[in-house]
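Reader: Could you walk me through one part of this model up close? I'd like to hear about the metal site, and then whatever else you can tell me.

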Amino acid sequence: MRTRNAVARDYYGILGVSREASDDEIKRAYRKLARQFHPDVNPDPEAQEKFKDINAAYEVLSDDRKRQIVDLGGDPLAPGGGGAGGPGGPGGAGPFVGFQDIMDAFFGGAGGNARGPRPRTRPGADAILRLELDLHETAFGVEAPITVDTAVLCTTCSGAGTAAGTHLATCEACAGRGEVQSVQRTFLGQVVSARPCTVCQGYGTTIPHPCPTCAGDGRVRTRRSLTVKIPAGVEDGMRIRLAQQGEVGPGGGTAGDLYVEIHERPHDVYSRKGDDLHCRVTVPMTAAALGTRLTIKTLDSEETVDVKAGTQPASTLRLRARGVPHLRGTGRGDLYVHLDVRTPTKLDPDQEKMLRDFAKTRGEEVAELSKQGGFFSRMRDAFNGHA
Ligand SMILES: [Zn+2]
Ligand SMILES: [Zn+2]
């Protein structure tokens, strides 16, 4: 099990988006909240705090590297958290978010802040898939079949989005510029803003005859089967990246990556800590006292181990290199066998007599519960000064 950083802030929660949210979804969520909580719009002191949080969350989630730190359980804005550093200080206040993003929050800008028409062909988003594996599979590796639902290139139009024999047309509303300008009076003074053309969605072109298969998107959703090679020694929460197996972008843009996130099913016998395994074995009191030999089934072998005479409760045996193989480098973790020494719970009269005689030969005092003044009572008297 991976240890999560307990102090990491829930940046996804602040923006109200899922962990799989695309860049666009994050931007949209940020803009919506920024409009609602901007101090010039909402003077409430609580709103100011909220606005800071929103900006911090956007700063983190709009930056691939910082977002990755969050996804690994870290906090890129925490002092010393996440390692990758950057200029973010504690609290993550406003200045790290670009002014343009604030402007976009108020003046639209669905197509980002680029000038001119935006390209129809854009890179695709990454995709993530959970893969449940048994301990044996994470330990020794496996070739796992997976099924992914993603957008793939439309084969009818090869991503162009146009019906066969037709072409894109220049947008008449914006004359192909992709944006229209307007002057607005705002709390920031008079602002000239360019907003994307609503007729062509900022592309500068329209599709008079869309491809019948993909309706002009250049891609279609489909279910594919892949085999992912899981290396030996992977751990719960790790992600395996399959380059360009994610979503194909709009207009047939380069596919994003597919991340396969490992989820290890709990094992009946072994619990895992890093590459070490732990299990519990019960031995009777008599075996612990006299010594015995145990046969332990490890993940991939059977081992014989000696329990020494006089073994105490909660003792541990260590079987070197019988744990999980290391993901990097060679060697394996260890297997720890925790011994539970079991005291008999029901004794028949003969057995009880034997144990009492045994105690007597060792000079160990055993009071009978039915009689007054047992071991505990005398200990109490000692504390009270009656001894
Ligand atoms: Zn098509
Ligand atoms: Zn237009």
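Author: Here's the metal site, followed by a sheet and a helix. This is a predicted model, where local features need pLDDT of at least 70, side-chain atom pairs count only at pLDDT 80 or more, and totals for chains, interfaces and linings use all residues. Residues are numbered from 1 along each chain as its sequence is written, chains are lettered from A and ligands numbered from 1 in the order in which they are written, and side-chain values use heavy atoms, with hydrogens and water left out.

The zinc ion (ligand 1) is held at 2.3 Å by the SG atoms of C154, C157, C211 and C214. Donors here are N, O and S atoms within 2.8 Å of the metal (3.2 Å for Na, K and Ca); water is not among the atoms, so sites may look incomplete. Along the chain, the zinc donors are spaced C-x2-C-x53-C-x2-C. Their angles run from 104 to 115 degrees, making the site tetrahedral (four donors, all angles between 85 and 135 degrees). Both C154 and C157 are buried (under 20% relative accessible area, 1.4 Å probe, protein chains only).

Now the sheet: four strands form an open, mixed one in the order β10-β11-β15-β14. Strands are DSSP runs of E, at least two residues, and helices runs of H or I, at least four, numbered from the N terminus; two strands pair if DSSP finds at least two bridges between them. β10 (271-273) and β14 (316-319) are the edges, each pairing on one side only. β10 runs antiparallel to β11 (residues 276-284), with three bridges joining them, and R272 sits opposite L277 in β11.

Finally, just after α8, G363 has a positive phi of about 70 degrees.

Methods
Tetrahedral: all angles 85-135°; square planar, octahedral: opposite > 155°, others 65-115°. Buried < 20%, exposed > 50% of the residue type's maximum accessible area, 1.4 Å probe, protein only.
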